Amino acid sequence: MWQVEASGGGLVTALEPVLRQKGGLWIGWPGVYEDGGLEQALAAKGVEAGYALKGVNLTEEEVGDYYYGFSNEILWPLFHDLQNLCNFDPAYWNVYKEVNAKFAQVIARNVSRLDYIWVQDYHLLLVAKELRNLKVRNKTGFFLHTPFPPLDIFLKLPWRRQVLQAMMEYDLLGFQTARDRNNFLQCVESLIKGVQHDARRQVSTIARPERELKVGSFPISIDFGQFARDASQELVAQRAWDLCQAVPDRQIILGVDRLDYSKGLPQKLQAFRYALEQYTDLQEKVTLVQVVVPSREDIPEYQELREEVEGLVSEINGRFSRWAWVPVHYMYRNLPRMELLAYYRAAAIALVTPLKDGMNLVAKEYCAANVDRNGVLILSEFAGAAVQLRGGSLLVNPYDVESTAQAIYQAFIMNTNERRSRMKRLRSSIRARDIYWWVDFFLREARVT
Ligand code: ADP
């Protein structure tokens, strides 16, 4: 008997409410290898969710080479500017092509003539090309949830031209920020002959002999209203109160990150350690609650990262702990949504310092859940969210341990008036550009609404 549950991460958080509202069909890998009875379980879950679900079956070998391999040992590090972590194994590329073709086949079997096909993320860059091979003529769009790297980094990809050419088979390509979109356009200009584009608008067009390709930036967001409503619930308020009471007279600094080297966890802990050393009045007055969500545990780099993070946590706690004060509360697990919201609400400061991030939804969720409007957001300038949230947050370079420590101290001593006016600004900007704004903007450009 199957129990169907959504997987974690920013993509699901962002798209699930949209599909629930608009209906549609979500096609994806179901995350398991045996499929006896799975189709019926997905159908039943679809009725409950308000949109249909269809699985693409993959073998364990395919998941190894396509998902862990090409997607997460090549594209993920490369797109986050971490080329030294890439494992450019040619076997991965072949399986990536095959699996993208498999997805295209399932799509082809399940679409009607007027359906819009909207492909999500770096795992599926080649789907439009495969759909064209199958003579599927529906309009297609693609959204990249990660950053897109600058030319000198993208050039390292052995299959750079094939990947770019395949991406150009979509009708609309969406990136998180203007920087990502411009990086893509620069790669196209340099690698593909005779391409003209107009880059002055937020959505530019590349004229091609056979058709027009639009390329734009569409910063993804969250269901602000839902987060704010849920965070206002009595249950959450009570739990947040209990969390604060457990550390009386202390400010909770919150970090919530998937275990990933792009999230800059060691750098964050180093900055916190430096802050405790340099600004000694922080000692016994702040508690860093660091939630780390398990992720990609089969990849060796992730196991090493976990060891590094846990080593730093114990070092800091060993060095600074006092009776009844432990500087870092570390949790390595998934939290139920209500618990996560209570942490967001209880935290006086959120420390969101990825080395590079497509958007970073945790930053937006923290503000939406901060219904008391007294929290401070410290945000990496290399998160896509920084473009929108630079006004109200304290921006930091996560590689700069001294300045990050200084920002922690600045947040700690910030008065209530400044906290409120900054948080108000952050919240109204996220409210105005929520996930429904994002989806309408994308689909309007796609000319399907
Ligand atoms: P990424 O997509 O790289 O993981 P994001 O910050 O964009 O990063 O999105 C992370 C998502 O995972 C958020 O929607 C957040 O609510 C969710 N999440 C983070 N931590 C937890 C946790 N401990 N338990 C459950 N969900 C979490």
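## Polar contacts of the ligand

An oxygen atom of the ligand sits 3.3 Å from a polar backbone atom of V362. The protein covers 85% of the ligand's accessible area, which is 570 Å² for the ligand on its own. These values come from a predicted model.

Two further polar contacts involve R258 and L335. R258 places a polar side-chain atom 2.6 Å from an oxygen atom of the ligand. L335 uses its backbone: an N or O atom there lies 2.8 Å from a nitrogen atom of the ligand.

## The shell around the ligand

The ligand is surrounded by 17 residues. Which of them come nearest? They are T13, R258, K263, L335 and E365. By class, the shell holds eight nonpolar residues, five polar ones and four charged ones.

Several elements give two or more residues to this shell. The helices are helix 1 (10-22), helix 13 (337-346) and helix 14 (361-369). The strands are strand 9 (251-258) and strand 10 (286-293). Helix 14 gives the most, with three residues.

## Helix 13 against helix 14

Two of the shell elements, helix 13 and helix 14, also pack on each other. Their axes are 8 Å apart, and the packing angle is about 75 degrees. Angles of 65 to 115 degrees count as roughly perpendicular, so helix 13 is roughly perpendicular to helix 14.

Helix 13 brings L340, L341, Y344 and R345 to the contact. Helix 14 answers with V362, E365, Y366 and A369. The contact residues divide into six nonpolar and two charged, with no polar ones.

Two of the helix 14 residues here, V362 and E365, appear in the ligand account as well. V362 has the backbone atom 3.3 Å from a ligand oxygen. E365 is among the residues that come nearest to the ligand.

## Helix 9 against helix 13

Helix 13 has another packing partner in helix 9 (residues 224-232). The angle is about 85 degrees, with the axes 9 Å apart. How do the two helices lie, roughly parallel or roughly perpendicular? At that angle, helix 9 is roughly perpendicular to helix 13.

On the helix 9 side, the contact is made by Q226, F227, D230, A231 and S232. On the helix 13 side, it is made by R337, M338, L341 and R345. By class, there are four nonpolar, two polar and three charged residues.

L341 and R345 serve in both packings of helix 13: they touch helix 14 and also helix 9.

Conventions: Residues numbered from 1 in each chain as written. Predicted model: local features only at pLDDT ≥ 70, side-chain atom pairs only at ≥ 80, totals over all residues. Heavy atoms only, no water. Near = heavy atom within 4 Å. Polar contact = N/O pair within 3.5 Å; in protein donor to acceptor, adjacent residues only side chain to side chain. Areas by Shrake-Rupley, 256 points an atom, 1.4 Å probe, with all protein chains shown as cover. Helix = DSSP H or I, 4+ residues; strand = E, 2+ residues; numbered from the N terminus. Nonpolar A, V, L, I, M, F, W, Y, C, P; charged D, E, K, R; others polar. Axes fitted to C-alpha atoms, helices over the stretch in contact; angles between N-to-C directions. Parallel < 35°, antiparallel > 145°, perpendicular 65-115°, else oblique. Contact = heavy atoms within 4.5 Å.
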